[in-house]
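Here is a colleague's note to read alongside the model, written for someone who is meeting sheets and strands early on. Please keep the picture in view and look up each residue as it is named.

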Amino acid sequence: MLTKIDALPTDKKIAGVHCVPFTENGNILMSWDRDEQLLTTIGGRLEGNESIDQALEREAMEEVGILLEEEKIPFALWYWDSTDSYTIWFLAKVKKMEPYSVDFEKTGYV
């Protein structure tokens, strides 16, 4: 059964955040993972004392060179037994797209 996420979980650590960014015209962005050879969502692990928003902003810029709007809507979460933690997925509107750079962790957005 699908359930709306009204609040982020507090019973376990949130260790990972990912987003599905969308543009003004409704296109969604994915990144190409050159190591795993597949399309994937944009995101990763929280570092140090980062907030969820800080981690999403950092990952979006590092992986594909995009800036996200402030509002982010959680739409899915996954609990990992192996790390006793959650990964949360958000919808996020793209604020700005930087030109592609070979310095991105992924090969950019598609």
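The points below go from the sheet to its strands, and then to some side chains.

1. Please bear in mind throughout that this is a predicted model. In general, the strands of a sheet pair through backbone hydrogen bonds, and they may do so in a parallel or an antiparallel way.

2. In this model, four strands make up an open sheet in the order β4-β1-β6-β5, and the pairing is mixed. Its edge strands are β4 and β5, each of which pairs on one side only. From one strand to the next, the twist averages 20 degrees.

3. Strand β1, which covers residues 13-22, is mostly covered, since eight of its ten residues are buried. Strand β1 and strand β6 (residues 85-97) run parallel and are joined by nine bridges, and here I14 stands opposite Y86 in β6. With strand β4 (residues 42-45), on the other hand, β1 runs antiparallel and shares four bridges; in this pairing H18 stands opposite G43.

4. How many bridges join strand β5 to β6? There are eleven, and β5, which spans residues 66-80, runs antiparallel to β6. Two of the places where you can follow this pairing are I73, which stands opposite L91, and P74, which stands opposite F90. As a general point, side chains in a regular strand alternate between the two faces of the sheet.

5. The strands β5 and β6 also form a hairpin, with four residues between them, and in the turn D84 has a positive phi of about 55 degrees.

6. The structure holds two aromatic pairs. One of them is formed by Y79 and Y86, whose rings are edge-to-face, with 5.5 Å from centre to centre and 65 degrees between the planes. Are these two residues buried or exposed, or something in between? Y86 has a relative accessible area of 10% and is therefore buried, whereas Y79 is partly exposed because its relative accessible area is 31%.

7. Finally, please look at the surface, where W32, L38 and L39 make a nonpolar patch of about 250 Å². L39 belongs to strand β3, which consists of residues 38-40. Why can L39 take part in such a patch? A patch residue must have over 30% relative accessible area, and L39 meets this cut-off because its relative accessible area is 47%, which also makes L39 partly exposed.

Methods. Residues numbered from 1 in each chain as written. Predicted model: local features only at pLDDT ≥ 70, side-chain atom pairs only at ≥ 80, totals over all residues. Heavy atoms only, no water. Patch = residues over 30% accessible without salt bridge, like charges linked within 9 Å, V, L, I, M, F, W, Y side chains within 5 Å. Areas by Shrake-Rupley, 256 points an atom, 1.4 Å probe, with all protein chains shown as cover. Salt bridge = Lys/Arg side-chain N within 4 Å of Asp/Glu carboxyl O. Buried < 20%, exposed > 50% of the residue type's maximum accessible area, 1.4 Å probe, protein only. Phe/Tyr/Trp six-rings, centres within 6.5 Å; stacked < 30°, edge-to-face > 60°. Pairing = 2+ DSSP bridges. Axes fitted to C-alpha atoms, helices over the stretch in contact; angles between N-to-C directions.
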